[in-house]
Amino acid sequence: MTDLQRLRDVFRAALDLPADAPVDDLHYQDHEKWDSLAHMSLIAALEDEFSVMIDTEDVINMSSFDEAMKILGKYGVASDGWSSNG
């Protein structure tokens with residue numbers, strides 16, 4: 001499983017979305033399920049899945065799925081270049 005698929009799965013689980021829900025275009029508070037409480041659950045799930053500790057500034061700046069990819073890249077995640085081949 002690619003890092004991209006793992007990221008999509010974390011978003012779906014943390015935001016209580018269906019397994020096939022599109023998440024690549026999600027933005028914080030633009031989706032009814034991504035509120036401040038779900039945001040903290042998402043951060044915790046990302047930290048668990050990718051074995052990272054996300055700093056406060058990055059927690060605040062994580063405003064979209066795309067931004068989550070960029071932030072996780074700072075922590076060494078995405079060794080597969082966020083490939084969608086899996």
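Which helices do the buried residues of H4 pack against? That was what I wanted to know when I opened this predicted model.

**Entry 1: helix H4**

I went through H4, residues 65-74, and looked up its buried positions. They are Phe-65, Ala-68, Met-69, Ile-71 and Leu-72. I then followed where these side of the helix leads: the buried residues of H4 pack against H1, H2 and H3. Just past the helix I stopped at Gly-76, which follows H4 and has a positive phi, near 85°.

**Entry 2: H1 against H4**

Next I took up the pairing with H1, which covers residues 3-14. I found the two helices packed at an angle of about 125°, their axes 11 Å apart. Angles from 65 to 115 degrees would count as roughly perpendicular and those over 145 as roughly antiparallel, so H1 is oblique to H4. The crossing of H1 past H4 is right-handed.

I listed who makes the contact. From H1 come Leu-4, Leu-7, Arg-8 and Phe-11; from H4 come Phe-65, Ala-68, Met-69 and Leu-72. Sorted by class, I have seven nonpolar residues, one charged and no polar ones.

**Entry 3: Arg-8**

Is Arg-8 buried or exposed? I looked, since Arg-8 sits in helix H1 and is part of the contact with H4. Its relative accessibility is 15%, and buried means under 20%, so Arg-8 counts as buried. I then checked what its side chain meets: there is a polar contact of 2.7 Å with the side chain of Asp-24. Leaving out neighbours within four places in sequence, I noted Arg-8 in contact with Val-23, Asp-24 and Phe-65. Phe-65 is also one of the buried residues of H4.

**Entry 4: the loop after H1**

I moved on to the loop between H1 and helix H2 (36-50), where Leu-15 lies. Leu-15 has 2% relative accessibility and therefore counts as buried. Setting aside neighbours within four places in sequence, I found Leu-15 in contact with Leu-26, Lys-33, Trp-34 and Ala-38. I also looked up a C-alpha separation: Leu-15 and Ala-44 are 29 residues apart along the chain, and their C-alpha atoms are separated by 12 Å.

Asp-16 is in the loop between H1 and H2 as well. With a relative accessible area of 57%, Asp-16 is exposed. Its backbone caught my eye: phi is near 55°, a positive value in a residue other than glycine.

**Entry 5: the loop after H2**

Where does Ser-51 lie? I placed Ser-51 in the loop between H2 and helix H3 (56-61). Ser-51 is not a glycine, yet its phi is positive, about 50°. I read a relative accessible area of 68% for Ser-51, so this residue is exposed.

**Entry 6: Asp-58**

My final stop was Asp-58, in helix H3. The relative accessible area of Asp-58 is 3%, so Asp-58 is buried. Which side chain makes a polar contact with that of Asp-58? I found Lys-74, at 2.8 Å. Not counting residues up to four places away in sequence, Asp-58 touches Ile-71, Lys-74 and Tyr-75. Ile-71 brings me back to H4, where I had listed it among the buried residues.

Conventions
Residues numbered from 1 in each chain as written. Predicted model: local features only at pLDDT ≥ 70, side-chain atom pairs only at ≥ 80, totals over all residues. Heavy atoms only, no water. Axes fitted to C-alpha atoms, helices over the stretch in contact; angles between N-to-C directions. Helix = DSSP H or I, 4+ residues; strand = E, 2+ residues; numbered from the N terminus. Parallel < 35°, antiparallel > 145°, perpendicular 65-115°, else oblique. Left-handed = near helix turned anticlockwise from the far one by under 90°. Contact = heavy atoms within 4.5 Å. Nonpolar A, V, L, I, M, F, W, Y, C, P; charged D, E, K, R; others polar. Buried < 20%, exposed > 50% of the residue type's maximum accessible area, 1.4 Å probe, protein only. Polar contact = N/O pair within 3.5 Å; in protein donor to acceptor, adjacent residues only side chain to side chain.
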